[in-house]
Amino acid sequence: MAASNLAGSSVYSPTDPSQLFAGEAPIVTGRAPALATITKYTLCALTTTGVTPYVVATHTSAQMVLAAEDTASGKACPYFQKGYFNPALITWPASLNTLALQKAALMGSELMIERLLPV
(Lines give C-alpha, C1' and ligand atoms only; values in the text may rest on other atoms or scores of the structure.)
Protein backbone atom coordinates (compact mmCIF):
# COMPACT_ATOMS: atom_id res chain seq x y z
CA MET A 1 0.00 0.00 0.00
CA ALA A 2 1.43 3.38 -0.99
CA ALA A 3 2.00 5.97 1.71
CA SER A 4 2.54 9.71 1.60
CA ASN A 5 6.11 10.84 2.17
CA LEU A 6 6.15 12.88 5.41
CA ALA A 7 6.93 16.56 4.72
CA GLY A 8 6.94 15.89 1.00
CA SER A 9 4.53 15.61 -1.85
CA SER A 10 5.66 12.33 -3.39
CA VAL A 11 4.05 8.93 -2.90
CA TYR A 12 6.20 5.87 -2.50
CA SER A 13 5.71 2.18 -2.04
CA PRO A 14 8.97 0.69 -0.72
CA THR A 15 9.56 -3.03 -0.83
CA ASP A 16 12.14 -2.77 1.97
CA PRO A 17 11.11 0.15 4.19
CA SER A 18 13.81 1.73 6.32
CA GLN A 19 13.33 3.15 9.79
CA LEU A 20 14.04 6.88 9.73
CA PHE A 21 13.05 7.70 13.29
CA ALA A 22 15.24 6.43 16.13
CA GLY A 23 13.39 7.72 19.17
CA GLU A 24 10.56 9.78 20.58
CA ALA A 25 10.77 13.51 19.89
CA PRO A 26 8.58 16.19 18.35
CA ILE A 27 8.96 16.33 14.56
CA VAL A 28 9.19 19.82 13.07
CA THR A 29 9.19 20.24 9.30
CA GLY A 30 9.37 23.12 6.86
CA ARG A 31 10.03 24.09 3.25
CA ALA A 32 12.49 26.47 1.63
CA PRO A 33 13.98 26.89 -1.86
CA ALA A 34 16.74 24.43 -2.71
CA LEU A 35 19.94 26.29 -3.59
CA ALA A 36 21.41 23.15 -5.20
CA THR A 37 20.15 19.71 -6.19
CA ILE A 38 19.55 17.91 -2.89
CA THR A 39 19.20 14.18 -2.24
CA LYS A 40 16.73 12.75 0.26
CA TYR A 41 18.08 12.52 3.84
CA THR A 42 21.09 14.73 3.15
CA LEU A 43 22.31 16.88 6.03
CA CYS A 44 21.68 20.45 4.92
CA ALA A 45 21.92 24.02 6.17
CA LEU A 46 18.93 26.36 6.24
CA THR A 47 20.20 29.81 5.25
CA THR A 48 18.37 33.10 4.75
CA THR A 49 18.04 32.31 1.03
CA GLY A 50 17.17 28.59 1.20
CA VAL A 51 18.43 25.06 1.83
CA THR A 52 21.91 23.96 0.74
CA PRO A 53 24.03 20.88 1.52
CA TYR A 54 25.79 21.29 4.88
CA VAL A 55 29.50 22.16 4.72
CA VAL A 56 31.64 21.67 7.82
CA ALA A 57 33.33 24.93 8.94
CA THR A 58 31.07 26.97 6.65
CA HIS A 59 27.67 26.42 8.25
CA THR A 60 26.72 26.30 11.93
CA SER A 61 24.93 23.54 13.79
CA ALA A 62 22.02 25.93 14.40
CA GLN A 63 21.44 25.94 10.61
CA MET A 64 21.24 22.12 10.31
CA VAL A 65 18.17 20.52 8.76
CA LEU A 66 17.59 17.13 7.13
CA ALA A 67 16.25 17.04 3.57
CA ALA A 68 13.00 15.05 3.46
CA GLU A 69 13.04 14.21 -0.26
CA ASP A 70 15.02 14.61 -3.49
CA THR A 71 14.72 18.20 -4.69
CA ALA A 72 15.95 19.96 -7.82
CA SER A 73 17.69 23.30 -7.48
CA GLY A 74 15.19 26.17 -7.32
CA LYS A 75 12.28 23.97 -6.18
CA ALA A 76 10.77 23.95 -2.68
CA CYS A 77 12.76 21.55 -0.51
CA PRO A 78 10.87 19.92 2.37
CA TYR A 79 13.05 19.36 5.42
CA PHE A 80 13.05 18.10 9.01
CA GLN A 81 14.20 20.78 11.43
CA LYS A 82 13.69 18.82 14.63
CA GLY A 83 13.46 15.13 15.48
CA TYR A 84 15.28 11.94 16.50
CA PHE A 85 16.76 10.13 13.48
CA ASN A 86 18.62 6.98 12.41
CA PRO A 87 22.15 8.14 11.41
CA ALA A 88 22.57 5.20 9.01
CA LEU A 89 20.08 6.80 6.61
CA ILE A 90 21.58 10.29 6.67
CA THR A 91 24.05 11.39 3.99
CA TRP A 92 26.81 13.03 6.01
CA PRO A 93 29.71 15.27 4.91
CA ALA A 94 32.81 13.07 4.41
CA SER A 95 34.58 14.42 7.51
CA LEU A 96 31.71 13.32 9.79
CA ASN A 97 32.45 9.61 9.42
CA THR A 98 31.90 8.30 12.98
CA LEU A 99 28.91 8.37 15.31
CA ALA A 100 30.89 10.43 17.83
CA LEU A 101 31.76 13.08 15.21
CA GLN A 102 28.18 13.13 13.94
CA LYS A 103 26.74 13.62 17.45
CA ALA A 104 29.30 16.35 18.18
CA ALA A 105 28.42 18.16 14.95
CA LEU A 106 24.71 18.11 15.86
CA MET A 107 25.29 19.82 19.24
CA GLY A 108 23.45 23.14 19.01
CA SER A 109 20.93 21.87 16.45
CA GLU A 110 17.47 20.45 17.06
CA LEU A 111 18.35 17.20 15.27
CA MET A 112 19.23 14.14 17.34
CA ILE A 113 20.57 10.75 16.24
CA GLU A 114 20.96 7.30 17.74
CA ARG A 115 21.95 3.98 16.18
CA LEU A 116 19.17 1.44 16.09
CA LEU A 117 19.76 -1.82 17.90
CA PRO A 118 19.77 -4.95 15.72
CA VAL A 119 16.60 -7.00 15.88
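Q: What makes strand 3 and strand 7 a pair, and in which sense do they run?
A: This is a predicted model. Strand 3 (residues 28-33) and strand 7 are joined over six bridges, in the antiparallel sense. Pairing asks for at least two bridges, so the two strands count as paired. Ala32 shows one position: Cys77 in strand 7 stands opposite.

Q: Why do strand 6 and strand 7 count as paired?
A: Two bridges join them, and the strands run antiparallel. The definition needs at least two, so the condition is met. Leu66 has Phe80 in strand 7 as its bridge partner.

Q: In which sense do strand 7 and strand 8 pair, and over how many bridges?
A: The sense is parallel, over three bridges. The cut-off is at least two, so this is a pair as well. Gly83 has Leu111 in strand 8 as its bridge partner.

Q: Which elements make up the chain, and in what order?
A: The chain has one helix and eight strands. Along the sequence the pattern reads β-β-β-β-β-β-β-α-β.

Q: Why is Thr71 called buried?
A: Its relative accessibility is 6%. Buried means under 20%, so Thr71 qualifies. Thr71 is found in the loop between strand 6 and strand 7. Leaving aside neighbours within four places in sequence, its contacts are Ala34, Ala36, Thr37, Ile38, Ala76, Cys77 and Pro78.

Q: What makes the approach of Thr71 to Glu69 a polar contact?
A: A polar atom of the Thr71 side chain lies 3.1 Å from the backbone oxygen of Glu69. The limit for such a contact is 3.5 Å, so the distance falls within it.

Q: Why is Gly108 called exposed?
A: Gly108 has a relative accessible area of 58%. Exposed means over 50%, so the label fits. Gly108 sits in the loop between helix 1 (99-106) and strand 8 (111-113).

Q: Which residues does Gly108 touch, not counting those up to four places away in sequence?
A: Gly108 touches Ser61 and Ala62. The C-alpha atoms of Gly108 and Gln63 are separated by 9.1 Å, and these two residues are 45 apart along the chain.

Q: What makes Glu110 and Lys82 a salt bridge?
A: Their side chains meet at 3.9 Å, N to O. The limit is 4 Å, so the pair counts. Glu110 lies in the loop between helix 1 and strand 8, and Lys82 in strand 7, so the pair ties together parts 28 residues apart in sequence.

Q: Why are Glu110 and Lys82 both called partly exposed?
A: Glu110 has 40% relative accessibility. Lys82 has a relative accessible area of 28%. Partly exposed covers the range between under 20% and over 50%, so both residues belong there.

Q: How do you know that Lys103 and Glu114 form a salt bridge?
A: The N to O distance between their side chains is 2.8 Å. That is within 4 Å, so the definition is satisfied. Lys103 lies in helix 1 and Glu114 in the segment after strand 8, so the pair ties together parts 11 residues apart in sequence. A search of the whole structure finds two salt bridges.

Q: Buried, exposed or partly exposed: what are Lys103 and Glu114?
A: Lys103 is at 31% relative accessibility. Glu114 has a relative accessible area of 29%. Buried needs under 20% and exposed over 50%, so both residues are partly exposed.

Q: Which members of the largest nonpolar core touch the most other members?
A: Leu43 and Leu66, out of 18 residues. Strand 4 (43-46), strand 6 (64-67), strand 7 (76-85), helix 1 and strand 8 each give two or more residues to this core. Helix 1 supplies the largest share, three residues.

Q: Which residues are in contact with Leu66, leaving aside neighbours within four places in sequence?
A: The contacts are Leu20, Tyr41, Thr42, Leu43, Pro78, Tyr79, Phe80, Phe85, Ile90 and Leu111. There is also a second, separate core of nine residues, including Ala32, Ile38, Val65 and Tyr79.

Q: How many residues does the chain have, and what share counts as buried?
A: The chain has 119 residues, and 36% count as buried. Its accessible surface comes to about 6800 Å², of which 57% belongs to carbon and sulfur atoms.

Notes: Residues numbered from 1 in each chain as written. Predicted model: local features only at pLDDT ≥ 70, side-chain atom pairs only at ≥ 80, totals over all residues. Heavy atoms only, no water. Helix = DSSP H or I, 4+ residues; strand = E, 2+ residues; numbered from the N terminus. Buried < 20%, exposed > 50% of the residue type's maximum accessible area, 1.4 Å probe, protein only. Contact = heavy atoms within 4.5 Å. Core = buried A, V, L, I, M, F, W, Y, C linked by side-chain atoms within 4.5 Å. Areas by Shrake-Rupley, 256 points an atom, 1.4 Å probe, with all protein chains shown as cover. Polar contact = N/O pair within 3.5 Å; in protein donor to acceptor, adjacent residues only side chain to side chain.
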